[in-house]
Amino acid sequence: MSDHVYKHIELTGSSEKGIEDAINRALAKASQSLHGMRWFEVTDTRGHIENGKVGHWQVTIKVGFTLD
């Protein structure tokens with residue numbers, strides 16, 4: 001078994017479609033400049049209200065990635 005050391009960052013994704021889409025958007029954007037992402041943890045979920053309905057979701061996640 002390999003010993004791993006992880007660094008983690010915090011990201012916030014947003015989506016009009018839903019929570020899962022907001023998470024996927026944040027991960028997709030981060031993957032453009034980060035490599036070795038291994039896990040995520042949802043730390044906060046909130047939304048924006050427009051005309052009495054959900055306008056969009058905002059989801060904050062911690063993302064862990066392995067160091068080279």
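This is a short dialogue on how to read a predicted model of one protein chain.

Biologist: Which elements does the protein chain have, and in what order do they run from the N terminus on?

Modeller: A first reading goes through helices and strands. In this predicted model, the protein chain has one helix and three strands, and from the N terminus on these elements follow the order β-α-β-β.

Biologist: What radius of gyration does the protein chain have, set against a compact globule of 68 residues?

Modeller: The value is read beside the one for a globule with that number of residues: a compact globule of 68 residues would come near 11 Å, whereas the protein chain has 14 Å. The spans of the C-alpha trace along its principal axes, about 50 × 20 × 15 Å, can be read alongside.

Biologist: How many of the 68 residues, as a percentage, are buried, and what share of the exposed area do carbon and sulfur atoms supply?

Modeller: Buried residues account for 26% of the 68 residues, while the protein chain exposes about 5100 Å², of which carbon and sulfur atoms supply 48%.

Biologist: Why does Thr-66 count as buried?

Modeller: The word depends on a cut-off, since buried means under 20% relative accessible area. Thr-66 counts as buried because its relative accessibility is 16%. This residue is found in strand β3, which covers residues 53-66.

Biologist: Which residues is Thr-66 in contact with, leaving aside its neighbours within four places in sequence?

Modeller: With those neighbours left aside, Thr-66 is in contact with His-4, Val-5, Tyr-6, His-35, Gly-36 and Arg-38. For the protein chain, among contacts between residues at least 6 apart in sequence, 60% join residues at least 24 apart.

Key
Residues numbered from 1 in each chain as written. Predicted model: local features only at pLDDT ≥ 70, side-chain atom pairs only at ≥ 80, totals over all residues. Heavy atoms only, no water. Helix = DSSP H or I, 4+ residues; strand = E, 2+ residues; numbered from the N terminus. Rg over C-alpha atoms; globule rule 2.2 N^0.38 Å. Buried < 20%, exposed > 50% of the residue type's maximum accessible area, 1.4 Å probe, protein only. Contact = heavy atoms within 4.5 Å. Areas by Shrake-Rupley, 256 points an atom, 1.4 Å probe, with all protein chains shown as cover.
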